[in-house]
Amino acid sequence: MELNGKKIAILAANGFEQAELEVPRDRLKKVGATVDIISLAAGEIKGWDKKDWGQPVKVDKTLDEVSADDYDAIVLPGGQINPDLLRVEPKALKFIKDIFDAKKVVAAVCHAPWLLIEAGIAKDRKMTSFKSIKTDVVNAGAKWEDSQVVVDQGVITSRNPGDLEAFSAKIIEEVKEGRHTKRSAA
């Protein structure tokens, strides 16, 4: 198994895009990674599935129970609601920034690059996102491109659910590579 012994955090709140949590989670588990769903509170979080509420997902740990030292990477699913709820939570932003500062893999899809902007990670980085937040990404100082997956020194971004297979494959590849020691600070 390619990622045996690796631990991945998926940080999400209510309103995460269903596929953007489930596809990476399932692909990472399939190659041997331990995956924890991290959220603001214990219990369950409810997904958004295209045009209506989706299925709940069990929260494994709350932000109060984790640290960047526990994980090799973080995955940030999109949807409109989820990253908007998380980007106003200092603990969520600190967790993301701590993983970034430890030179570990940070992966965000769809609207989740909002979290990279709020955490101060976007400036001077090559990124992509859902097209409706392109201006936000550009205004944060990132170099936006319309590609399935964009990687900049272990920071992985993707556009939408149609990119999830490529996004998941890139997460696996980057976690296998390990820390990105040459990554510049945000």
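Student: In this predicted model, where is the place of Gln153?
Tutor: Two strands frame this residue: S11, made of residues 149–152, and S12, made of residues 155–158. Gln153 belongs to neither strand, and its place is in the loop between S11 and S12.

Student: What is the phi of Gln153, and is the sign positive or negative?
Tutor: Most residues other than glycine have a negative phi. Gln153 is not a glycine, yet its phi is positive, at about 50 degrees.

Student: Is Gln153 buried, partly exposed or exposed?
Tutor: Buried would need under 20% relative accessible area, and exposed would need over 50%. Gln153 has 35% relative accessibility, so it counts as partly exposed.

Student: What is the phi of Lys103?
Tutor: Lys103 sits in the loop between helix H3 (90–101) and strand S8 (105–109). It is a residue other than glycine with a positive phi, and the value is near 65 degrees.

Student: How does Lys103 count by accessibility, as buried, partly exposed or exposed?
Tutor: The limits for the middle class are 20% and 50% relative accessible area. Lys103 has 26% relative accessibility and therefore counts as partly exposed.

Student: How many salt bridges does the count give?
Tutor: A pair is counted if a side-chain nitrogen of Lys or Arg is within 4 Å of a carboxyl oxygen of Asp or Glu. By this rule the number of salt bridges is 14.

Student: How far apart in sequence are the parts tied together by Lys176 and Glu2?
Tutor: Lys176 and Glu2 form a salt bridge, with the closest N and O atoms 3.0 Å apart. Lys176 is part of helix H6, whereas Glu2 is in the segment before strand S1 (7–11), so the parts that the pair ties together are separated in sequence by 174 residues.

Student: What is the relative accessible area of Glu2?
Tutor: The partly exposed class ends at 50%. Glu2 falls in that class because its relative accessible area is 46%.

Student: Which of the two partners in the salt bridge of Asp60 and Lys58 counts as exposed?
Tutor: The closest N and O atoms of this pair are 3.7 Å apart. Asp60, at 34% relative accessibility, counts as partly exposed. At 54% relative accessibility, the partner that counts as exposed is Lys58.

Student: How many residues apart are Asp146 and Arg159?
Tutor: The side chains of Asp146 and Arg159 meet in a salt bridge with an N to O distance of 2.9 Å. Asp146 is in the loop between strand S10 (143–144) and S11, and Arg159 is in the loop between S12 and H6. The pair thus links distant parts of the chain, and the separation is 13 residues.

Student: Which residues are linked with Asp146 in a network of salt bridges?
Tutor: Asp146 is exposed, with a relative accessible area of 55%. The residues linked with Asp146 in the network are Arg159 and Asp163.

Student: How are H1 and H6 oriented to each other?
Tutor: The axes of helix H1 (residues 18–30) and helix H6 (residues 164–177) come within 9 Å and cross at roughly 45 degrees. Under 35 degrees would count as roughly parallel, and 65 to 115 as roughly perpendicular. The two helices are therefore oblique.

Student: In which hand of crossing does H1 pass H6, left or right?
Tutor: The crossing is the one at roughly 45 degrees. The hand in which H1 passes H6 is right.

Student: What is the area of the nonpolar surface patch that includes Trp53?
Tutor: Trp53 lies in strand S5 (residues 52–58) and counts as partly exposed because its relative accessibility is 40%. Ile81 and Leu85 make the patch together with Trp53, and its area is about 260 Å².

Student: How far apart in space are Lys51 and Lys7, C-alpha to C-alpha?
Tutor: Lys51 is in the loop between strand S4 (44–49) and S5, and it is exposed at a relative accessible area of 75%. Lys51 and Lys7 are 44 residues apart in sequence, and their C-alpha distance is 32 Å.

Student: What is the distance in space between Gly120 and Ile96, C-alpha to C-alpha?
Tutor: Gly120 is in the loop between helix H4 (113–118) and strand S9 (126–127). Gly120 and Ile96 are 24 residues apart in sequence, and in space their C-alpha atoms are separated by 9.9 Å.

Key: Residues numbered from 1 in each chain as written. Predicted model: local features only at pLDDT ≥ 70, side-chain atom pairs only at ≥ 80, totals over all residues. Heavy atoms only, no water. Patch = residues over 30% accessible without salt bridge, like charges linked within 9 Å, V, L, I, M, F, W, Y side chains within 5 Å. Areas by Shrake-Rupley, 256 points an atom, 1.4 Å probe, with all protein chains shown as cover. Helix = DSSP H or I, 4+ residues; strand = E, 2+ residues; numbered from the N terminus. Buried < 20%, exposed > 50% of the residue type's maximum accessible area, 1.4 Å probe, protein only. Axes fitted to C-alpha atoms, helices over the stretch in contact; angles between N-to-C directions. Parallel < 35°, antiparallel > 145°, perpendicular 65-115°, else oblique. Left-handed = near helix turned anticlockwise from the far one by under 90°.
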